[in-house]
Amino acid sequence: MKNEKAVVVFSGGQDSTTCLFWALKQFKEVIAVTFNYNQRHSLEIDVAKSITNELGVEHHVLDMSLLNQLAPNALTREEIAIEQKDGELPSTFVPGRNLLFLSFATILANQIGARHIVTGVCETDFSGYPDCRDAFVKSCNVTLNLALDKPFVIHTPLMWINKAETWKLADDLGVLDYIREKTLTCYNGIIAEGCGECPACELRKRGLDDYLLEKGATAQ
């Protein structure tokens, strides 16, 4: 893959930024694509622009505002609370988001002559989102290849690892502090450590604490 080109689905968050650094190690050329769907924490687009600019990565921001119109949820409506009720999908689930993101990322890849698409979806710590599952990604990959009649490959470096292991991957890539300080995971739009209270912040912090504890124990 060292001589090939890849498109990274990029939000400026912990997972996608880790995947961006992973892709930069794997591929000759990397292009990032961010989707603007009028999300609640729109600062993520600014963060994505800042990171790609700093890393010298070509960056596309695509208008996906129709998704906001079709999918009212806690990430597209400030009046909807961020919550998880037993037996229900989290209120932060955006129906069809990854289906659309992967479809448009692949169309972009087709346009610029890239064969690889990289996304940070994960089935281990996926918050119950059905479009983060491995079965969905594989199905989507097959469908896109049939639709465009080309052999695209969707890569999911985080699919089978938990948040602690995602932090380890960042550390192995030499970017642990960068991910800690410059990414935006928080549902309330606070960079780095975030608000500390939303589900995304809690998951991120728990994973970091677990990894640092394990790293400290290993070093002893």
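Two strands pair if DSSP finds at least two bridges between them. The model used here is predicted.

**Exercise 1. Find the partner of strand S1 and one matched residue.**

Step 1: Take strand S1, residues 5-9, and strand S2, residues 29-36.
Step 2: Count the bridges that join S1 to S2: there are five. At least two are needed for pairing.
Step 3: Read the direction: S1 and S2 run parallel.
Step 4: Pick Val7; its bridge partner in S2 is Ile31.

**Exercise 2. Place helix H2 and helix H1 against the sheet.**

Step 1: Helix H2 covers residues 43-55 and packs on the sheet.
Step 2: H2 touches S2 and S3, and its direction makes about 160° with that of S3.
Step 3: Helix H1, residues 14-26, lies across S1, S2, strand S4 (116-118) and S5. H1 runs at about 175° to S1.

**Exercise 3. Write the strand order of the sheet and name its edges.**

Step 1: The sheet is open, has five strands and shows parallel pairing.
Step 2: The order is S3-S2-S1-S4-S5.
Step 3: Strand S3 (58-63) and strand S5 (153-155) pair on one side only, so they are the edge strands.
Step 4: Neighbouring strands of this sheet are turned against each other by 25° on average, direction ignored.

**Exercise 4. Describe the whole chain.**

Step 1: The protein chain holds eight helices and five strands.
Step 2: From the N terminus, the elements follow β-α-β-α-β-α-α-β-α-β-α-α-α.
Step 3: The chain has 220 residues, and 48% of them count as buried.
Step 4: The chain exposes about 10,700 Å², with 51% of this supplied by carbon and sulfur atoms.

Note on methods: Residues are numbered from 1 along each chain as its sequence is written. This is a predicted model: local features need pLDDT of at least 70, side-chain atom pairs count only at pLDDT 80 or more; totals for chains, interfaces and linings use all residues. Side-chain values use heavy atoms; hydrogens and water are left out. Helices (H or I, at least four residues) and strands (E, at least two) are DSSP runs, numbered from the N terminus. Buried means under 20% relative accessible area, exposed over 50%, partly exposed in between (1.4 Å probe, protein chains only). Accessible areas come from the Shrake-Rupley method with a 1.4 Å probe; for residues, only the protein chains shown count as cover. Axes are lines fitted to C-alpha atoms, for helices over the stretch in contact, and angles run from 0 to 180 degrees between N-to-C directions. Contact means heavy atoms within 4.5 Å.
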